[in-house]
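Here are a few exercises to work through with the model open beside you. Try each task before reading its solution.

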Amino acid sequence: MNEVFLSVLRSIVGVANVLTHEDPGSDLGAWENDWRGLAQGRALAVVRPASTQQVADVVKACGAHGISLVPQGGNTGLVVGSTPDASGRQVVLSLRGMNKVRRFDAANATITVEAGCVLQAVQEACEREGFLFPLSLGAEGSCTIGGNLGTNAGGTQVIRFGNARDLCLGLEVVTADGGVWTDLSGLRKDNTGYDLRNLFIGSEGTLGVITAATLKIFPLPVATLTSFVAAPSVHAAVDLLKLAAARLGPALTGFELMNQQALALVAARYPQQRVPFHEVSPYCVLLEASDHESEAHGRALLEQLMETAFERELVTDAVIAESLAQSRALWHVRESITLAQAEEGAHLKHDISLPISAIPLFVDEIDRVLQQQFAGIRIVNFGHLGDGNLHYNIQAGVTDKDGGELSRVQARITRTVYDSVASFGGTFSAEHGIGSLKLGELQDYKPAAAVRLMRKLKDVLDPGNVLNPGRVLPLG
Ligand code: FAD
Ligand code: MLT
Ligand code: ZN
């Protein structure tokens, strides 16, 4: 039976684009194991289509043979959603080979790309034409537009440009029955019924396979200024955010928080990277301003902002990058935290979002409760404060690299964090999604009526459970 199915797949995408464990010297680990190393899956095959028609034919073949598939882009997702389960019965549908820019429309300020385009390649293609595609995140060198839209990724520019969803004007999607729905017209207004596009965005490959997208692009700013500041507390950082938003308006394009523990990890693992201050501060903020007038104008605004911030004791130290290289180095410190945590060893991720106004009290309370209950706990708190999105992560102790001790208390820690988040009106998944890692939390914290509606949608759009079953929603 497998052989018949595999030969159908080979007839669709070509022999070289169906990889199996039976191939001599095969190693499918890059497609089977998730980025965090939390799950080792086993695939029946990895299939690499080159066109939308091939995706449609593969989906149809899977449906006809009762085999499910997992859409995969760069496999950088953080919630175990893009790798197969351990059954050896699922197909990984890798979209990475579909990586063409189909159309660049300067007058409409849009770019239409295939789903397998790497995010950084799209940013660079836009930059060559004098435009900005503002989605930006640490994994941009390997994550793909299909994965970005599949997870509704956030990243570091959401404060000004929104999530991946806000940057998308159109999609091409292969549905679970192997049909193709196309709307790549790039209209900014289109009230012709239900919003199908936004149903597929963020559905983590469970409702359809995204094969192409039309994305919004923006004029490149004349100057981008980066500032790294030391803040005495989260309260001060939130007040600085308010001040920066008032002074800079839409020029405020990044506002990232990092606690001392997060920066200490980066410093310990990558000694060549420098936090630009002598004194250790409880928090640092990376603030980015983008100016459409001139470098001098942007710098003056930023300097005035810092002057007021010092007067109000919101910051205790500050630098403004003098060059592109310096600015990149400061961003690199921020973007290295995820990797530093991974290299340091076992850790828990809590990708939470709260009303920004609630964040200072939340952090005070949760820090205190965890420190009381779990002596010596290492809290690595960083993230996109400008969006109310914290990565309130917990690192295993220095003598517990493989997380043996952490694993005994992790359920209690996570429950304590998410209960507190819920009591402050927040959510347990801000930007990473549900995957298979947060299925329990979905049941525990999402209103039952919402989960029932989600289940109904899944049943209607994918009655055969062909697309990424057991992700976002538990198996029925
Ligand atoms: P994958 O990991 O391959 O897939 C992710 C999900 O999307 C899976 O459920 C998969 O089935 C589905 N999917 C993939 N392609 C398609 C498709 N074509 N059609 C339908 N569904 C599809 N995320 C953030 O939001 N913000 C951050 O700041 C951020 N920083 C990160 C930093 C690092 C160092 C790393 C490793 C990850 C980070 N992430 C972040 C998480 C991750 O990079 C994003 O979720 C990214 O959007 C995933 O893209 P991908 O191509 O790797 O998708
Ligand atoms: C980031 O913003 O760097 C990632 O989304 C956070 C994480 O790794 O927890
Ligand atoms: Zn993030």
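**Exercise 1.** Work out how much area the protein chain exposes and what share of it carbon and sulfur atoms supply.

Solution. Start with the total: in this predicted model, the protein chain exposes about 20,300 Å² (Shrake-Rupley method, 1.4 Å probe). Next, the share: carbon and sulfur atoms supply 53% of that area. Two notes on the set-up: local features need pLDDT of at least 70, side-chain atom pairs count only at pLDDT 80 or more, and totals for chains, interfaces and linings use all residues. Residues are numbered from 1 along each chain as written, chains are lettered from A and ligands numbered from 1 in written order, and side-chain values use heavy atoms, leaving out hydrogens and water.

**Exercise 2.** Find which residues coordinate the zinc ion (ligand 3), and say whether H384 and H391 are buried or exposed.

Solution. First, list the donors (N, O and S atoms within 2.8 Å of the metal, or 3.2 Å for Na, K and Ca). For the zinc ion (ligand 3) they come from H384 (NE2), H391 (NE2) and E431 (OE), at 1.9 to 2.2 Å. Water is not among the atoms, so the site may look incomplete. Then read the spacing in sequence: H-x6-H-x39-E. Finally, check the accessibility: H384 is buried (under 20% relative accessible area; exposed is over 50%, partly exposed in between; 1.4 Å probe, protein chains only) because its value is 4%. H391 counts as buried too, at 5%.

**Exercise 3.** Work out what percentage of the residues in the protein chain is buried.

Solution. Take the 476 residues of the protein chain; buried ones make up 54% of them.
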